[in-house]
Amino acid sequence: MKADNVLILIRDRDVIGQDKVVRLRFRVDDALSGEVLQFGDDLYYLHGGYGGAFPKVEQALDGCQVGDTARLTLSPEDGYGYRDAALELVVPSDDFQDARPAAGEAVEGRLPDGQSMVFTVTAVSAKQVTLDGNHPFAGKHLAFEFEVLEIRDSIAAERSAGFAFDGMFC
């Protein structure tokens with residue numbers, strides 16, 4: 001068989017870039033203590049400045065292919081920000097007419113300025129409930145590790161919505 005009778009097709013592998021939907025395996029550690037904070041095998045996001053990933057995370061993943069691993073550390077400024085004492089509230093237990101929540105539970109509430117948000121219950125006593133509206137990772141230096149599991153083209157509806165549909169509608 002002659003070489004000029006052979007057709008070789010070489011397909012470029014997908015790389016992470018603008019408007020790609022990316023599925024990741026991830027791990028987040030506290031960079032100072034080494035404590036594992038979160039991990040998962042099925043994180044989807046729409047790449048390209050849609051807000052589904054921190055800008056430095058997108059920079060680290062840009063150009064990666066399936067099977068690649070990216071590692072980076074984010075300061076609070078580049079991640080979830082610093083803790084805000086104004087988002088920590090102590091309210092009377094009587095404010096919970098139906099049932100007093102348990103520590104660790106998420107409850108919807110309002111800030112003194114009327115803004116609605118979700119709080120985590122951090123302490124409960126007979127007289128008061130302490131609520132925290134800060135993200136649990138606020139104020140932490142975070143070490144991220146991502147493994148790229150899948151890359152695909154986004155669809156127009158995802159780009160319009162600004163987030164990936166996790167394969168549910170594609």
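Which residue in β6 is the bridge partner of Arg110? The partner is Ser116. The structure is a predicted model, and its chain has an average pLDDT of 90. This briefing covers two open sheets, the confidence of the prediction and the largest pocket.

**Sheet with β4, β7, β6 and β5**

- Four strands make up this open sheet, and their order is β4-β7-β6-β5.
- The strands of this sheet pair in the antiparallel sense.
- Its edges are formed by β4, covering residues 88–92, and β5, covering residues 106–110, each of which pairs on one side only.
- On average, and with direction ignored, neighbouring strands here are turned by 45° against each other.
- The antiparallel pairing of β5 with β6, which spans residues 116–124, extends over 5 bridges.
- Arg110 and Ser116, the residues of the opening question, are bridge partners, with Ser116 belonging to β6.

**Sheet with β2, β1, β8 and β3**

- Another open sheet of 4 strands follows the order β2-β1-β8-β3, and its pairing is antiparallel.
- Because β2 (36–46) and β3 each have a single partner strand, they stand at the edges, and one side of each is left without a neighbour in the sheet.
- Neighbouring strands of this sheet are turned against each other by 20° on average, direction ignored.
- Strand β1, residues 20–30, runs antiparallel to strand β8, residues 142–153, and 11 bridges join the two.
- Within this pairing, Arg23 has Glu150 of β8 as its bridge partner.

**Confidence of the prediction**

- A pLDDT of at least 70 is reached by 90% of the residues.
- Among the elements of the chain, strand β3 (residues 69–74) has the highest mean pLDDT, at 98.
- The lowest mean pLDDT among the elements, 88, belongs to β5.

**The largest pocket**

- The volume of the largest pocket is about 260 Å³.
- Its lining consists of 16 residues.
- Leu43, Gly52, Tyr80, Phe144 and Phe146 are the lining residues that lie nearest the centre of this pocket.
- At least two lining residues come from each of β1, β2, α1 (55–61) and β8.
- With 4 residues, β2 gives the most to the lining.
- By class, 14 of the lining residues are nonpolar and 2 are polar, while no charged residues are present.

Notes:
Residues numbered from 1 in each chain as written. Predicted model: local features only at pLDDT ≥ 70, side-chain atom pairs only at ≥ 80, totals over all residues. Heavy atoms only, no water. Pairing = 2+ DSSP bridges. Axes fitted to C-alpha atoms, helices over the stretch in contact; angles between N-to-C directions. pLDDT = per-residue confidence, 0-100. 1 Å grid on protein atoms, 1.4 Å probe; cavity = no way out; pocket = protein on both sides within 12 Å on 5 of 7 lines; lining within 4 Å. Points joined across faces, edges and corners; volume = space filled by probe spheres on them. Nonpolar A, V, L, I, M, F, W, Y, C, P; charged D, E, K, R; others polar.
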